[in-house]
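Please take a look at the protein chain shown here. This report walks through how its strands are arranged and what lies in its core.

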Amino acid sequence: MESARKHPLALVALVAGAATLGLASLGGAVGVAQDATPAVGPGASPMASPLAAGSVVTVGSIDIDFVPAELTIPAATDVTVVIDNSTAQIPHNFAVDALDINETYQAGETVEIVVNAPAGTYEYYCNLPGHKPAGMFGTLIVQ
Ligand SMILES: [Cu+2]
C-alpha cells in the first residue's frame, strides 16, 4: 500500500476540531462494538455548503465514527476526499457501494480518493466487521 499522502494544514485543523468532539464520548476505549455511550452525532451541524469544482472535502474517521456524518459535494465533478484516520487507534474503511468505492486504511493513516459521482444521495460506511452497526456510517449528498 502506498504511504499516506499529507494534506494541507488547513484541513488538519478542520478535522482536528471535529475529531475532538467525537473522541470525547469514547473514553479511550479501543475495540469493536463497544458499549460505550451512544455517540450522539457530533454537533449535528450539517455541512450543507456545496463545493466548487476541484474541491477537497475531508472526513475524519475516529473510533468509531465518521466526522462529519454528512458530506455534500458537487455532481459530475472530481472531488478529492481526504479521509483522515490519524487519530484512530484501529484501521477503518470508507465504502460507498453504489459508487464502487472501497478504501481500507490503517490507524494513523490519511488517504485521498477522488470521487466523481452523479447527483444523488449515497451512504458511506466502514465495512470492517462491527463498525457500521456501531454507528460508523454517513450520508454523501451529491448535487
Ligand atoms: Cu471502521
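Two strands count as paired if DSSP finds at least two bridges between them. By that test, strand E8 (residues 120–125) pairs with E9 in the antiparallel sense, over 6 bridges. One of the links is between tyrosine 125 and its bridge partner in E9, phenylalanine 137.

**The model and its confidence**

This is a predicted model. The mean pLDDT of the protein chain is 76. Of its residues, 63% reach 70 or more. Residues 1–48 are another matter: pLDDT stays under 50 there. The model has 61 contacts beyond four places in sequence for that stretch. Where pLDDT is low, predicted coordinates should not be read in detail.

**The overall layout**

How many helices and strands does the protein chain have? The secondary structure comes to 1 helix and 9 strands. From the N terminus on, the order is α-β-β-β-β-β-β-β-β-β. The chain has 143 residues, and 30% of them count as buried. Now take the contacts between residues at least 6 apart in sequence. Of these, 64% join residues at least 24 apart.

**An open sheet**

Four strands form an open sheet in the order E2-E1-E4-E7. Its pairing is mixed. E2 and E7 stand at the edges with a single partner strand each, so one side of each has no neighbour in the sheet. From one strand to the next, the twist averages 25°.

The table lists strand pairs, with one bridge from each.

| Strand pair | Sense | Bridges | One bridge |
|---|---|---|---|
| E1 and E2 | antiparallel | 3 bridges | serine 61 with phenylalanine 66 |
| E1 and E4 | parallel | 5 bridges | threonine 58 with valine 82 |
| E4 and E7 | antiparallel | 6 bridges | valine 81 with isoleucine 113 |
| E3 and E9 | parallel | 4 bridges | isoleucine 73 with valine 142 |

E4 deserves a second look. Of its 6 residues, 5 are buried, so E4 is largely enclosed by the rest of the structure.

**The nonpolar core**

In soluble globular proteins, nonpolar side chains tend to be buried together. Here, the largest nonpolar core has 24 residues. Which residues have the most contacts inside it? They are Val59, Ile73, Val81 and Ile83. Six strands each supply at least two residues of this core: E1 (56–62), E2 (65–67), E3 (70–73), E4 (79–84), E7 (110–115) and E9 (137–142). The largest share, 4 residues, comes from E4.

Valine 81 shows what such contacts look like. Leaving out residues up to four places away in sequence, valine 81 touches Val57, Val59, Glu112, Ile113 and Val115. Ile113 is also the bridge partner of valine 81 in E7.

**Two faces of E9**

In a regular strand the side chains alternate between the two faces of the sheet. E9 follows this pattern of alternation. Gly138, Leu140 and Val142 point to one face and are buried. Phe137, Thr139 and Ile141 point to the other face and are not buried. Val142 also has a link to E3, as the bridge partner of isoleucine 73. Phe137, on the other face, is the bridge partner of tyrosine 125.

**Two buried residues**

Is phenylalanine 94 buried or exposed? A residue counts as buried if 20 or more other C-beta atoms lie within 10 Å of its own. Phenylalanine 94 has 25 such atoms, so it is buried. This residue is found in strand E5 (residues 92–96). Apart from neighbours within four places in sequence, phenylalanine 94 is in contact with Ile83, Ile101, Glu103, Tyr124 and Cys126. Take Ile83: it is 11 residues from phenylalanine 94 along the chain, and their C-alpha atoms are separated by 8.0 Å. Ile83 is also among the residues with the most contacts inside the largest nonpolar core.

Histidine 131 lies in the loop between E8 and E9. With 23 other C-beta atoms within 10 Å, histidine 131 is buried too. Where does asparagine 93 lie relative to histidine 131? The two are 38 residues apart in sequence, and 9.2 Å apart in space, C-alpha to C-alpha.

Key:
Residues are numbered from 1 along each chain as its sequence is written. This is a predicted model: local features need pLDDT of at least 70, side-chain atom pairs count only at pLDDT 80 or more; totals for chains, interfaces and linings use all residues. A nonpolar core is a set of buried Ala, Val, Leu, Ile, Met, Phe, Trp, Tyr and Cys residues joined through C-beta atoms within 7 Å. A residue is buried if 20 or more other C-beta atoms lie within 10 Å of its own, exposed if 12 or fewer, and partly exposed in between; C-beta atoms are placed from the backbone. Two residues are in contact if their C-beta atoms, placed from the backbone, lie within 7 Å. Axes are lines fitted to C-alpha atoms, for helices over the stretch in contact, and angles run from 0 to 180 degrees between N-to-C directions. pLDDT is the predictor's confidence in each residue, from 0 to 100.
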